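Work through the exercises below with the model open beside you. Each task is followed by its solution in short steps.

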Amino acid sequence: MALRYNAVEKMNPQTKAKKWYAQPNLSGKRTLKDLSRDISEVSSISAGDVQNEIVNLIDQLPKWLMEGDSVKLDGLGTFRLSFSSDGVASKDEVNANLIKDIYILFDADDSIKTRIQNTTVTAGY
């Protein structure tokens, strides 16, 4: 299966010059129900059981991340928390009030990266 793309004209906000770029043609969205059904078709458990386990993972993931752990799902990748903060002149001035923009980082497993990098692309328009 090939990844489709569209040609999109965008303006550079700094130079105001317009250029054309390839952009992925994202055509849809998969829901938890879709994932559960598809996974159940290639496993020995029902879609309901798959969905229950995914919901449990989703429920526990933020807890593990907030405890300071990275979460490695073999074959999928690793989740971890990070944040940005304002800088100060000395170590003694560092405090929690400087922290802003907490976000989740995801690093895909090498096997997934390889599969994605080796995909073919085709025009989607």
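**Exercise 1.** In this predicted model, work out the order of the open sheet with mixed pairing, and find its edges.

*Solution.*
- Step 1. Take strand 1 (residues 3–11) and strand 2 (residues 18–24). They run antiparallel and are joined by 7 bridges. M11 of strand 1 faces K18 in strand 2.
- Step 2. Look at the turn. Strand 1 and strand 2 make a hairpin, with 6 residues between them. K16 in this turn has a positive phi of about 65°.
- Step 3. Turn to strand 6 (residues 121–123). Its pairing with strand 1 is parallel, over 3 bridges. R4 has T122 as its bridge partner, and Y5 stands opposite A123.
- Step 4. Put the pairs together. The order is 2-1-6, in an open sheet of 3 strands with mixed pairing.
- Step 5. Name the edges. Strand 2 and strand 6 each have a single partner strand, so one side of each has no neighbour in the sheet.
- Step 6. Add the twist. From one strand to the next it averages 45°.

**Exercise 2.** Derive the order of the open sheet whose pairing is antiparallel.

*Solution.*
- Step 1. Begin with strand 3 and strand 4. They pair in the antiparallel sense over 3 bridges. L73 has G77 in strand 4 as its bridge partner.
- Step 2. Check how they connect. Strand 3 and strand 4 form a hairpin with 3 residues between them. G75 sits in the turn, with a positive phi of about 90°.
- Step 3. Move to strand 4 (residues 77–85) and strand 5. This antiparallel pair has 8 bridges. L81 stands opposite I104 in strand 5, and S85 has I99 as its bridge partner.
- Step 4. Combine the two pairs. The 3 strands form an open sheet in the order 3-4-5.
- Step 5. Mark the edges. They are strand 3 (71–73) and strand 5 (99–108), each pairing on one side only.
- Step 6. Note the twist. Neighbouring strands of this sheet are turned by 25° against each other on average, with direction ignored.

**Exercise 3.** Classify the aromatic pair formed by F79 and F106.

*Solution.*
- Step 1. Count the pairs. There is 1 aromatic pair.
- Step 2. Read the geometry. The rings of F79 and F106 lie 4.7 Å apart, centre to centre, with 45° between their planes.
- Step 3. Apply the cut-offs. Planes under 30 degrees apart would be stacked, and over 60 edge-to-face. The pair of F79 and F106 is tilted.
- Step 4. Place it. F79 is in strand 4 and F106 in strand 5, so the pair ties together parts 27 residues apart in sequence.

**Exercise 4.** How do helix 1 and helix 2 cross, and which residues make the contact?

*Solution.*
- Step 1. Find the axes. Those of helix 1 (residues 32–41) and helix 2 come within 8 Å and cross at roughly 125°.
- Step 2. Classify the angle. Roughly perpendicular covers 65 to 115 degrees, and roughly antiparallel begins over 145. Helix 1 and helix 2 are therefore oblique to each other.
- Step 3. Give the hand. Helix 1 passes helix 2 in a right-handed crossing.
- Step 4. List the contact. Helix 1 contributes L32, K33, S36, R37, I39 and S40. Helix 2 contributes A47, V50, Q51, I54 and V55.
- Step 5. Sort these residues. The contact of helix 1 with helix 2 has 6 nonpolar, 3 polar and 2 charged residues.

**Exercise 5.** Which strands does helix 2 lie across?

*Solution.*
- Step 1. Locate the helix. Helix 2 spans residues 47–66.
- Step 2. Name the strands. Helix 2 lies across strand 3, strand 4 and strand 5.
- Step 3. Give the angle. Helix 2 runs at about 50° to strand 4.

Definitions and conventions. Residues numbered from 1 in each chain as written. Predicted model: local features only at pLDDT ≥ 70, side-chain atom pairs only at ≥ 80, totals over all residues. Heavy atoms only, no water. Pairing = 2+ DSSP bridges. Helix = DSSP H or I, 4+ residues; strand = E, 2+ residues; numbered from the N terminus. Axes fitted to C-alpha atoms, helices over the stretch in contact; angles between N-to-C directions. Contact = heavy atoms within 4.5 Å. Parallel < 35°, antiparallel > 145°, perpendicular 65-115°, else oblique. Left-handed = near helix turned anticlockwise from the far one by under 90°. Nonpolar A, V, L, I, M, F, W, Y, C, P; charged D, E, K, R; others polar. Phe/Tyr/Trp six-rings, centres within 6.5 Å; stacked < 30°, edge-to-face > 60°.
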